[in-house]
Amino acid sequence: MTQANIASAPAGGKPADSTAANPSGAFAPEGRFELPGAAAGPLARLRVGVKDMIDIQGRITGAGNPDWRATHGAAPEHAPVVRQLLDAGADVIGKTLTDELAYSLNGENFHYGTPVNPVTPERIPGGSSCGSAVAAASGLCDIGLGTDTAGSIRLPATFCGAWGFRPTHGAVSSAGVVPLAPSYDVVGWITRDAATLARTGRTLLPGGAPGQPPEGRLLIADDAWALASDEVRQGLAAPLEKARARFGKVEHLTLATEGLLAWQQIFRVIQGREVWAAHGAWISRHAPSFGPDIAERFKWASTIAADEADAAAIQRQRIAAQLDELLQDAVLCIPTVSFVAPIKGSTTAAEDRTRALCLLCIASLAGLPQLTMPAMAGNQCAVGLSLITARGRDQALLDSAARWVL
């Protein structure tokens, strides 16, 4: 397969600045509005910022790209997840900014700018749910609704010092959501506190009643922790010890005998093939303008052959089965991200991004629920500690974390 002819904005250009009406940069263009929910309900009067990948009736879902916005009409109805929140009494306050078609982890949108990280304003907020993370962490909303394929909730929640949750794949409807790689895509949420994170789960998750707390056996993945920088390990030392104290038994293990880099490579091949299947026809037809990094990713995705993706899918099934067996009666503990947020406008080292994806791909490959909780490193950068548990035990994990004081 030959590479697609994809236009990119000039590499020497600069991202747009946030406007005075949107000083945090958290909201998408024309993204501020009020949509009141039901008069009463379990989420009554909680404010929700909705990532601009998720449909709201009567409004164009812009997906972080002007050409996408120009070639798509208004959504005919709310995405089911939006309807659930409205019916539970939550109020939607607007659409939040996303990286272009959610295909980045930086949160630096070439066309619309970079939302302001509320913990370290000189550093990136992380993406692709950058606007939802910034809005939630800075108090502009109570629930930042986002999507996560390769870490797009977990990483920005970490960089912005917030709580984030990626649910079991398929537990929350992805209907009415612009896809990226459907076998990985989930809708999740970001909040300032664990109680709101769990409260949201009781509305959005199937059978959202509290479950048995997953506090029997804690697994420390030594190969995952080996990927973390000194800053991250230092920042997570105290939260890790408190987590260990919550469990009856703690075990150390090597998660991937072939190396987590091999898992990351399996993940990215499948993701890239699905990305091109989802968007290749639109890109070929409209030749949209992407920021340079996004353009390069789409070009690479267009080159992945079916047999390469099929071989990776076989390995993915093996990994998922391994994790299902491992987590039957246990919780896996890893750093959420291996490095602290880079300075805005700097080039994220390829090896840093790869190490981060080696951690983020674990739950994505197997479709497992993952919760990230915030902590601070000595340099005042935010870091995150993650817990991954068995599929379908989402609410038990959320409720357990809500009882912790880290």
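**Helix packing, loops and a buried strand residue**

Helices α8 and α10 cross each other in a left-handed sense. The model in which this crossing is seen is a predicted one, and every value given here is to be read with that in mind. Helix α8 covers residues 260-286 and helix α10 covers residues 306-326, and the two pack with their axes 9 Å apart and at an angle of about 130°. That angle makes α8 oblique to α10. From α8 the contact draws on Trp 263, Ile 266, Val 269, Ile 270, Arg 273 and Glu 274, and these residues meet a set in α10 made up of Ala 306, Glu 308, Ala 309, Ala 312, Ala 313, Gln 315, Arg 316, Ile 319, Gln 322 and Leu 323. Sorted by class, the residues of this contact comprise 10 that are nonpolar, 2 that are polar and 4 that are charged.

Helix α10 also takes part in a second packing, with helix α11 (residues 350-366), where the axes are 8 Å apart and the angle between them is about 90°. At that angle, α10 counts as roughly perpendicular to α11. Here α10 contributes Arg 316, Ile 319, Ala 320 and Leu 323, while α11 contributes Ile 362, Ser 364, Leu 365 and Ala 366. The residues of this contact divide into 6 nonpolar, 1 polar and 1 charged. Arg 316, Ile 319 and Leu 323 of α10 appear in the contact with α8 and appear again in the contact with α11.

A further helix pair is formed by α5 (residues 194-204) and α12 (residues 394-402), whose axes come within 8 Å and cross at roughly 155°. How are these two helices oriented to each other, roughly parallel or roughly antiparallel? The threshold for roughly antiparallel is an angle over 145 degrees, and α5 and α12 are therefore roughly antiparallel. The crossing in which α5 passes α12 is left-handed. On the α5 side the contact involves Ala 194, Ala 195, Leu 197, Ala 198, Gly 201 and Arg 202, and on the α12 side it involves Gln 395, Leu 398, Asp 399, Ala 401 and Ala 402. By class, 7 of the residues in this contact are nonpolar, 2 are polar and 2 are charged.

The surroundings of Phe 165 lead back to these same two helices. Phe 165 belongs to strand β6, which spans residues 163-166, and its relative accessibility of 0% places it among the buried residues. Leaving out residues up to four places away in sequence, Phe 165 touches Ile 153, Gly 188, Trp 189, Leu 197, Leu 205, Pro 369, Gln 370, Leu 371, Asp 394, Leu 397 and Leu 398. Among these partners, Leu 197 and Leu 398 also take part in the contact of α5 with α12. Between Phe 165 and Thr 149, which are 16 residues apart along the chain, the separation of the C-alpha atoms is 12 Å.

Several loop residues also deserve attention, beginning with backbone geometry. Ala 63, in the loop between β3 (47-51) and α1 (66-70), has a positive phi of about 55° although it is not a glycine, and with 0% relative accessibility it counts as buried. Leu 101, in the loop between β4 and α3, likewise has a positive phi, of about 50°, without being a glycine, and it too counts as buried at 0% relative accessibility. The loop between β4 (91-96) and α3 (130-137) also holds Ser 128, and the peptide bond leading from Gly 127 to Ser 128 is cis, with omega near 0°.

Leu 140 lies in the loop between α3 and β5 (143-148). Is this residue buried or partly exposed? At 31% relative accessibility, Leu 140 counts as partly exposed. Apart from its neighbours within four places in sequence, Leu 140 is in contact with Ser 24, Ala 26, Phe 27, Arg 47, Ile 93 and Ala 135.

Taken as a whole, the protein contains 12 helices and 13 strands. Its radius of gyration is 20 Å, close to the 22 Å that the globule rule gives for 406 residues, so the protein is as compact as a globular protein of that length. Along the principal axes, the C-alpha trace spans about 55 × 55 × 40 Å. Of the 406 residues, 58% count as buried, and among contacts between residues at least 6 apart in sequence, 79% join residues at least 24 apart.

Conventions. Residues are numbered from 1 along each chain as its sequence is written. This is a predicted model: local features need pLDDT of at least 70, side-chain atom pairs count only at pLDDT 80 or more; totals for chains, interfaces and linings use all residues. Side-chain values use heavy atoms; hydrogens and water are left out. Axes are lines fitted to C-alpha atoms, for helices over the stretch in contact, and angles run from 0 to 180 degrees between N-to-C directions. Helices (H or I, at least four residues) and strands (E, at least two) are DSSP runs, numbered from the N terminus. Angles under 35 degrees count as roughly parallel, over 145 as roughly antiparallel, 65 to 115 as roughly perpendicular and the rest as oblique. A crossing is left-handed if the near helix is turned anticlockwise from the far one by less than a right angle, and right-handed if clockwise. Contact means heavy atoms within 4.5 Å. Ala, Val, Leu, Ile, Met, Phe, Trp, Tyr, Cys and Pro count as nonpolar, Asp, Glu, Lys and Arg as charged, and the others, Gly among them, as polar. The radius of gyration is taken over C-alpha atoms; the globule rule is 2.2 Å times the number of residues to the power 0.38. Buried means under 20% relative accessible area, exposed over 50%, partly exposed in between (1.4 Å probe, protein chains only).
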